[in-house]
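Got the model open in your viewer? Let's walk through it one selection at a time.

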Amino acid sequence: MALRKKTGSTPCIGCGQLVAVTDKTCFRCGRRLPSLYGFSPTLRKWGPDLGFVPLVIVACALLYVFSLAFSFLAGLEPARPAGFLQVLAPSTEVLFLLGATGSIPVFEYGRWWTVLSSAWLHGGLLHIVFNMLWIRMLAPGIAQVFGPGRLVIIYTLSAIAGGVATTVVSAHFPDLPGPLRGASLSIGASGAVFGLLGAVIQYGKKAGAHVAGQQAWALAAVLFVFGLLMPGVDNWGHLGGFVGGYGTAWVLDPRRPERGYHMVFAAGCLLLSLLSVIASVVHAYRPL
Ligand SMILES: [Zn+2]
């Protein structure tokens, strides 16, 4: 199949409605250039999220395998598992190098951009498997109701909110009891997962999808309580991510269609994510 379609009908890049390649606006969602110059069939083949889910899974898996291999080859001790989520863990040093966040990297080393890079790193086999399964389950539905661009925005801002929450709480309230403490070192996409749940709840409220909203509340509550009971879980990362996703989805009202500028913002989010990991490595190897 041709990469670019020049005649006939094509799915709107935002909502998937069939439009003519030559249409200036989508008659369903109002997006301008709905065929994206004829490239929309190629992109929509990846599903409503335009390939964001496989991108997250591949990027996280590559970083996880790399961090494990690097730890092994450098002869570094793997982090001691606090629970079953941390089995097959990369070393703490390598996770720090690649962009783990928390009060130590941010406040002791000035690595503030790690509030984003940390969401792309994982500390154990089950940690990454569980997070990726949740994202695969939640993200396509969010892409359908918010649009692919706004999915990326919600995901990224939730990840940042989770990283900021746990870092700030850890730095300013170090004496909280175990599960209520912020993390001095934190990694993982679960803040973003909680953000996606927050977005589903917001969709339930705004669009009257009460069943979806209630299910998302129940899932978020169960997952949160699980986190409180399990050792080594960053509960402030979860809570911050949830609030971030809920708030972002409130601003990006799902009753209004996605616009072209949301895609531009989304591209910016992906670029910043990539830069945050690169900045972590470059900063760690900078000459002192
Ligand atoms: Zn449309």
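Start by selecting helix H10, residues 235-251: 13 of its 17 residues are buried, so the rest of the structure largely encloses this helix. Keep in mind that you're looking at a predicted model. Now put a distance between the end C-alpha atoms of H10 and you should get 24 Å. That agrees with the 24 Å expected for 17 residues at 1.5 Å a residue.

Next, pick Leu 196. Which residues does Leu 196 touch, leaving aside those up to four places away in sequence? They are Leu 138, Ala 139, Ile 142, Ile 154, Tyr 155 and Gly 245.

Leu 196 also leads you into the largest nonpolar core, a set of 64 residues. Leu 196 is among those with the most contacts inside this core, along with Ala 139, Ile 142, Leu 151, Ile 154, Leu 197 and Val 200. Color helix H7 (residues 148-172) now: with twelve residues, H7 gives this core its largest share. Then jump to Cys 12, Ile 13, Cys 15 and Leu 36, which are included in a second, separate core of six residues.

Time to zoom out and show the whole chain as a cartoon. You'll find eleven helices and two strands, and from the N terminus on, the two β elements precede the α ones. The radius of gyration is 20 Å, close to the 19 Å the globule rule gives for 288 residues, so the protein is as compact as a globular protein of that length. Along the principal axes, the C-alpha atoms fill a box of roughly 60 × 40 × 30 Å.

Last stop: color by burial, and 48% of the 288 residues count as buried.

Key
Residues are numbered from 1 along each chain as its sequence is written. This is a predicted model: local features need pLDDT of at least 70, side-chain atom pairs count only at pLDDT 80 or more; totals for chains, interfaces and linings use all residues. A nonpolar core is a set of buried Ala, Val, Leu, Ile, Met, Phe, Trp, Tyr and Cys residues joined through C-beta atoms within 7 Å. A residue is buried if 20 or more other C-beta atoms lie within 10 Å of its own, exposed if 12 or fewer, and partly exposed in between; C-beta atoms are placed from the backbone. Helices (H or I, at least four residues) and strands (E, at least two) are DSSP runs, numbered from the N terminus. Two residues are in contact if their C-beta atoms, placed from the backbone, lie within 7 Å. The expected span of a helix is 1.5 Å times one less than its number of residues. The radius of gyration is taken over C-alpha atoms; the globule rule is 2.2 Å times the number of residues to the power 0.38.
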